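The following exercises concern a predicted model. Attempt each task before reading its solution.

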Amino acid sequence: MHYIGKIDKSKIGLYSEKIKTEMVVLTDERKQHIYQSHPKDYKKIIENIDRIVLNPDEVIQDMKNKDTIFLIGRLERDNLNVIVRLNTNNSKQHPQNSVMSAWIIRNSNLIKLRQKNKTIYKSV
């Protein structure tokens with residue numbers, strides 16, 4: 001398990017009052033999932049995932065999945081989307097906020113993501 005660090009509560013809106021912990025982790029199983037799903041981008045994702053989780057440029061609430069947020073960070077040409085499931089119910093099975101997946105998205109896909117979901121935070 002990889003401990004990423006503490007999520008910035010000032011960037012997650014109402015979730016800052018709901019989460020049971022600030023710690024964010026990336027499990028070995030989820031790391032393997034990212035590798036299997038995005039082998040070409042894996043190195044770039046892993047190199048940037050900590051930075052994006054700790055200091056996202058944008059936070060979007062996933063309107064389809066409860067207690068899930070998209071942490072968006074700008075890369076050279078594209079964006080990294082890190083999906084984090086927040087622990088809001090003191091889950092013993094998942095005691096930390098967990099990275100579920102991550103992938104690189106183009107600006108056009110980021111626009112669609114914003115349209116279908118709710119922006120919680122955006123840097124200037």
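**Exercise 1. The second largest pocket**

Task: State which element gives the largest share of the lining of the second largest pocket, and describe the lining by class.

Solution.
- Step 1. Helix 4, residues 107–116, provides the largest share of this lining, with four residues.
- Step 2. The lining consists of Asp 62, Met 63, Lys 64, Phe 70, Asn 109, Lys 112, Leu 113, Lys 116 and Asn 117.
- Step 3. Sorted by class, these are three nonpolar, two polar and four charged residues.
- Step 4. The volume of the second largest pocket is about 180 Å³.

**Exercise 2. The largest pocket**

Task: Determine how many residues line the largest pocket and which of them lie nearest its centre.

Solution.
- Step 1. The lining comprises 19 residues, and Gln 93, His 94, Pro 95, Gln 96 and Ser 98 are those nearest the centre.
- Step 2. Strand 6 supplies the largest share of the lining, namely three residues.
- Step 3. The classes are represented by seven nonpolar, nine polar and three charged residues.
- Step 4. The pocket has a volume of about 300 Å³.

**Exercise 3. Strand 5 and its partners**

Task: Describe how strand 5 pairs with strand 4 and with strand 6, and explain why strand 5 is described as largely enclosed.

Solution.
- Step 1. Strand 4 (residues 68–74) runs antiparallel to strand 5, and seven bridges join the two.
- Step 2. The connection between strand 4 and strand 5 is a hairpin of four residues.
- Step 3. Ile 72 has Asn 81 of strand 5 as its bridge partner.
- Step 4. Strand 6 (residues 97–105) also pairs with strand 5 in the antiparallel sense, over seven bridges.
- Step 5. Here Val 82 has Ala 102 of strand 6 as its bridge partner.
- Step 6. A residue is buried if its relative accessible area is under 20%. Strand 5 covers residues 79–85, and six of its seven residues are buried, so the strand is largely enclosed by the rest of the structure.

**Exercise 4. An aromatic pair**

Task: Classify the geometry of the pair formed by Tyr 35 and Tyr 42, and decide whether Tyr 35 is buried, partly exposed or exposed.

Solution.
- Step 1. A search of the whole structure yields one aromatic pair. Its members are Tyr 35 and Tyr 42, with 5.1 Å from centre to centre and 85° between the planes.
- Step 2. Planes over 60 degrees apart count as edge-to-face, and this pair is accordingly edge-to-face.
- Step 3. The relative accessible area of Tyr 35 is 41%. Values between 20% and 50% count as partly exposed, so Tyr 35 is partly exposed.

Technical notes:
Residues are numbered from 1 along each chain as its sequence is written. This is a predicted model: local features need pLDDT of at least 70, side-chain atom pairs count only at pLDDT 80 or more; totals for chains, interfaces and linings use all residues. Side-chain values use heavy atoms; hydrogens and water are left out. Rings of Phe, Tyr and Trp (its six-membered ring) pair if their centres lie within 6.5 Å; planes under 30 degrees apart count as stacked, over 60 as edge-to-face and the rest as tilted. Buried means under 20% relative accessible area, exposed over 50%, partly exposed in between (1.4 Å probe, protein chains only). Two strands pair if DSSP finds at least two bridges between them. On a 1 Å grid over the protein atoms alone, a cavity is a set of points where a 1.4 Å probe fits but cannot get out, and a pocket is an open set with protein on both sides within 12 Å along at least five of seven lines; lining residues have an atom within 4 Å of a point. Grid points are joined across faces, edges and corners, and a volume is the space filled by probe spheres set on the points. Ala, Val, Leu, Ile, Met, Phe, Trp, Tyr, Cys and Pro count as nonpolar, Asp, Glu, Lys and Arg as charged, and the others, Gly among them, as polar.
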